[in-house]
Amino acid sequence: MKAFIVKSYGKKEKLHLTDWAEPTVKDNDVLVQVHSAGVNLLDSLIRNGDFKLFLPYKPPFVNGHDVAGVVTKVGSKVSKFKVGDEVYSRPSDYRVGTFAEYISVDEKDLALKPKNLSMEEASSIPLVGLTAWQALVEIANIQKGQKVFIQAGSGGVGTFAIQLAKHLGATVATTTSSANINLVKSLGADIVIDYKTQDFETILKDYDVVLHSNRDSKILEKSLRILKANGQLISLVGPPTPEFAEKIGLAWYLKFITKLLSSGAKKKAKKLNTNFTFLFMRSEGNQLGQITKLIESSVIKPVIDKVFPFEQTNEALSYVETGRSKGKVVIKVK
């Protein structure tokens with residue numbers, strides 16, 4: 001099969017289109033013919049080597065973390081899926097590789113594709129949908145009437161998270177550029193802050209939850225200050241915490257490194273009587289099934305900026321790296 005692989009780590013490295021062995025199918029696995037794959041900043045960070053301390057993939061390996069396609073083979077113990085099913089997934093860490101013609105996925109990481117979405121639309125959902133779900137439902141347990149600040153509202157996670165937070169009954173504030181104000185309002189944002197001309201800290205106060213996605217340490221401090229007592233900041237960009245290291249079973253010295261990395265953010269949060277949590281989303285087919293229901297009942301709609309052909313996977317990745325995409329970027333494989 002054809003696949004885009006990481007030959008070696010590096011920011012200037014390109015993915016290489018090559019012939020690659022078709023994946024093996026274990027007892028609990030489902031072989032999916034890839035129709036479309038979502039493109040995420042995570043794909044760039046993995047290629048760059050930014051995560052090799054915590055996710056030590058050994059090059060060469062196939063990149064890509066979002067898939068929609070059709071089941072072509074099932075393992076002997078698979079009970080939920082059959083050949084011909086249209087499915088989507090964010091495969092587990094160490095099982096990634098959606099920039100390819102086929103991928104083998106554990107059935108627990110898979111869900112039936114929403115019937116009202118195309119393959120391209122479906123492939124845009126898993127990673128950002130699960131990120132938003134795990135932040136707002138699982139960690140924050142958003143309740144009706146609470147106030148949520150979602151940074152970068154026109155991005156992949158932001159466009160999904162705004163819709164989910166509104167569905168949960170929250171008042172939603174977000175940041176975006178002036179060009180995307182109408183987009184985020186159409187998704188349900190109540191308060192829209194133009195990050196180029198306005199300072200969110202002077203506008204927002206007593207928030208219950210911040211979904212944090214900006215690497216600037218000053219933005220992290222400001223975000224903590226707009227929270228009410230016992231409010232929760234959930235960071236998608238770090239610094240990673242010992243709790244995260246424990247959850248994914250890292251070695252003791254890596255737990256120690258995360259303790260050092262996160263100590264500053266945790267101290268600031270404690271001083272303000274708030275909470276700091278780092279989220280690195282995990283694959284979860286059952287949660288994706290819940291998301292399917294919301295999509296099929298038109299509570300949440302995908303937001304897609306561009307669709308690239310498979311051969312232009314590197315161009316798609318470069319476009320995502322600009323940080324200017326509205327919603328998601330996907331590649332059409334089949």
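Cavities, sheets and backbone geometry

User: How does the lining of the largest cavity divide by class into nonpolar, polar and charged residues?
Analyst: In this predicted model, local features need pLDDT of at least 70 and side-chain atom pairs count only at pLDDT 80 or more, while totals for chains, interfaces and linings use all residues. Residues are numbered from 1 along each chain as its sequence is written, and side-chain values use heavy atoms, with hydrogens and water left out. Asp, Glu, Lys and Arg count as charged, Ala, Val, Leu, Ile, Met, Phe, Trp, Tyr, Cys and Pro as nonpolar, and the others, Gly among them, as polar. The lining therefore has five nonpolar, three polar and two charged residues.

User: What is the volume of the largest cavity, and which helix gives the most to its lining?
Analyst: A cavity is a set of points on a 1 Å grid over the protein atoms alone where a 1.4 Å probe fits but cannot get out, a pocket is an open set with protein on both sides within 12 Å along at least five of seven lines, and lining residues have an atom within 4 Å of a point. The lining residues here include Ser124, Ile125, Lys301, Pro302 and Lys328. The largest cavity, whose volume is the space filled by probe spheres set on grid points joined across faces, edges and corners, comes to about 50 Å³, and the helix that gives the most, with three residues, is α4 (residues 156-167).

User: Which elements give two or more residues to the lining of the second largest pocket?
Analyst: The second largest pocket has a volume of about 420 Å³, and its lining of 20 residues has Phe244, Lys247, Ile248, Phe278 and Phe280 nearest its centre. Helices (H or I, at least four residues) and strands (E, at least two) are DSSP runs numbered from the N terminus. The elements in question are α3 (126-139), α8 (242-247) and β14 (275-278).

User: Is α3 largely enclosed by the rest of the structure or largely open, and how many of its residues are buried?
Analyst: Buried means under 20% relative accessible area, exposed over 50%, and partly exposed in between (1.4 Å probe, protein chains only). Among the buried residues of α3 are Pro126, Leu130, Trp133 and Leu136. The helix is largely enclosed by the rest of the structure, because its buried residues number eleven of the 14.

User: In which order do the strands of the three-stranded open sheet lie?
Analyst: Two strands pair if DSSP finds at least two bridges between them, and β1 (residues 2-6) and β4 are joined by two bridges in the antiparallel sense. One contact is that of isoleucine 5 with its bridge partner valine 62 in β4. The pairing in this open sheet is antiparallel, and the order is β2-β1-β4.

User: How many bridges join β12 to β13, and how many join β13 to β14?
Analyst: Tyrosine 207 stands opposite leucine 227 in β13, while the bridge partner of serine 235 in β14 is phenylalanine 278. Strands β12 (residues 207-212) and β13 (residues 227-235) run parallel, joined by five bridges; β13 and β14 also run parallel, and their bridges number four.

User: Where does proline 239 lie, and what is the omega of the peptide bond from glycine 238 to proline 239?
Analyst: Proline 239 is placed in the loop between β13 and α8. The peptide bond from glycine 238 to proline 239 is cis, with omega near 10°.

User: Is aspartate 206 buried or partly exposed, and what is its relative accessible area?
Analyst: Aspartate 206, in the loop between α6 (200-203) and β12, has a positive phi near 55° although it is a residue other than glycine. Aspartate 206 counts as partly exposed, its relative accessible area being 40%.
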